[in-house]
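I opened the file to go through the helix packing. My notes follow in the order I looked things up.

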Amino acid sequence: MKKISSHLVISAVLLDSASMAQAQFGKFSNPLASNSSGASAEQIVSKYVGGAKSVMQADSKMLDAFGLKEEAAKAALQATNLTQGATKDNLESAEKVQTESSKALEEKLNCKKVSMDAESKKLFTAGMQDLGSGLIQYIGLSKDAAGFKP
C-alpha cells in the first residue's frame, strides 16, 4: 500500500516538474499545449474521449487486479465503447461506470488487508500507466478548453 502511495506522489511530482520546466523554459515546445489559434470543438472532444478511454482502461485493469472481475468487465466495455464518434449518451454512461469504478477501487484501497500476487501487481501497474496517460490527456484538454473560442 505504501508503494502505491509513493508511486502516486512520484507521478504528481513529475507532472508538476514538467509544468514548472515549461514555465521556466517556455521556448521549448510543449506537446500538451494547444496551437496559437486555439483548438476546435472537435479537438477538445477528441482529447476528452481519449482521456476518458485511458482512465476507463486503467479502472478495468486495477479492478481486475483486485479481483473485481464484474466491475472490471463493465469498465472495459465502456472503454471499448468510447470512440471518436462517441455520443452524449456514451459519455454519460462511461461517466456513470467510472464513478462506480472509482468507489469500488477506493473501498479496496482503504481495506487494511490488501494482498496481490505478482500477476495482480503487474496488472495494477499497467492500470496506473493508463491512468497517467489519461491524466496527461486531460491536462492538455484543460489548456485547450481554456483557450477555446466558439
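In what order do the elements of the protein run from the N terminus on? I read them off as α-α-α-α-α. The secondary structure comes to 5 helices and 0 strands. I keep in mind that this is a predicted model.

**Entry 1: the whole chain**

I looked up the overall figures. The protein has 150 residues, and 27% of them count as buried. Its accessible surface comes to about 9800 Å². Carbon and sulfur atoms hold 58% of that surface. I then took the contacts between residues at least 6 apart in sequence; 76% of these join residues at least 24 apart.

**Entry 2: α2 with α5**

I turned to the helix pairs. Helix α2 covers residues 41–65, and helix α5 covers residues 118–146. Their axes come within 7 Å and cross at roughly 160°. The cut-off for roughly antiparallel is over 145 degrees, so α2 and α5 are roughly antiparallel to each other. I noted the hand as well: α2 passes α5 in a left-handed crossing. The residues of this contact divide into 15 nonpolar, 10 polar and 5 charged.

**Entry 3: α2 with α3**

Next I checked α2 against α3. The axes of α2 and α3 come within 8 Å and cross at roughly 160°. That angle makes α2 roughly antiparallel to α3. The crossing of α2 past α3 is left-handed.

Which residues of α2 meet α3? I listed Lys53, Met56, Gln57, Asp59, Ser60, Leu63 and Asp64. On the α3 side I found Lys69, Glu71, Ala72, Ala75, Ala76, Gln78, Ala79 and Thr80. By class, the contact of α2 with α3 has 6 nonpolar, 4 polar and 5 charged residues.

**Entry 4: α3 with α4**

I went on to α3 (residues 69–81) and α4. Helix α4 spans residues 88–110. The two helices pack at an angle of about 150°, with their axes 10 Å apart. How are they oriented, roughly parallel or roughly antiparallel? I put α3 down as roughly antiparallel to α4, because an angle over 145 degrees counts as such. The crossing of α3 past α4 is left-handed.

From α3, the contact takes in Lys74, Ala75, Gln78 and Asn81. From α4, it takes in Asn90, Ser93, Ala94, Val97 and Ser101. I sorted the residues of this contact into 3 nonpolar, 5 polar and 1 charged.

**Entry 5: two serines of α4**

I picked out Ser93 and Ser101, both in the contact of α3 with α4. Are they buried or exposed?

Ser93 lies in α4. Its relative accessible area is 30%. Partly exposed means between 20% and 50%, so Ser93 is partly exposed. I also looked up its distance to Gln78, 15 residues apart along the chain. The C-alpha atoms of the two are separated by 7.6 Å.

Ser101 also lies in α4. Its relative accessible area is 4%. Buried means under 20%, so Ser101 is buried.

What does Ser101 touch, not counting residues up to four places away in sequence? I found Asp59, Leu63 and Ala75. Asp59 and Leu63 are among the α2 residues that meet α3, and Ala75 is one of the α3 residues they meet. Ser101 of α4 thus touches residues from the contact of α2 with α3.

Definitions and conventions. Residues are numbered from 1 along each chain as its sequence is written. This is a predicted model: local features need pLDDT of at least 70, side-chain atom pairs count only at pLDDT 80 or more; totals for chains, interfaces and linings use all residues. Side-chain values use heavy atoms; hydrogens and water are left out. Helices (H or I, at least four residues) and strands (E, at least two) are DSSP runs, numbered from the N terminus. Buried means under 20% relative accessible area, exposed over 50%, partly exposed in between (1.4 Å probe, protein chains only). Axes are lines fitted to C-alpha atoms, for helices over the stretch in contact, and angles run from 0 to 180 degrees between N-to-C directions. Angles under 35 degrees count as roughly parallel, over 145 as roughly antiparallel, 65 to 115 as roughly perpendicular and the rest as oblique. A crossing is left-handed if the near helix is turned anticlockwise from the far one by less than a right angle, and right-handed if clockwise. Contact means heavy atoms within 4.5 Å. Ala, Val, Leu, Ile, Met, Phe, Trp, Tyr, Cys and Pro count as nonpolar, Asp, Glu, Lys and Arg as charged, and the others, Gly among them, as polar. Accessible areas come from the Shrake-Rupley method with a 1.4 Å probe; for residues, only the protein chains shown count as cover.
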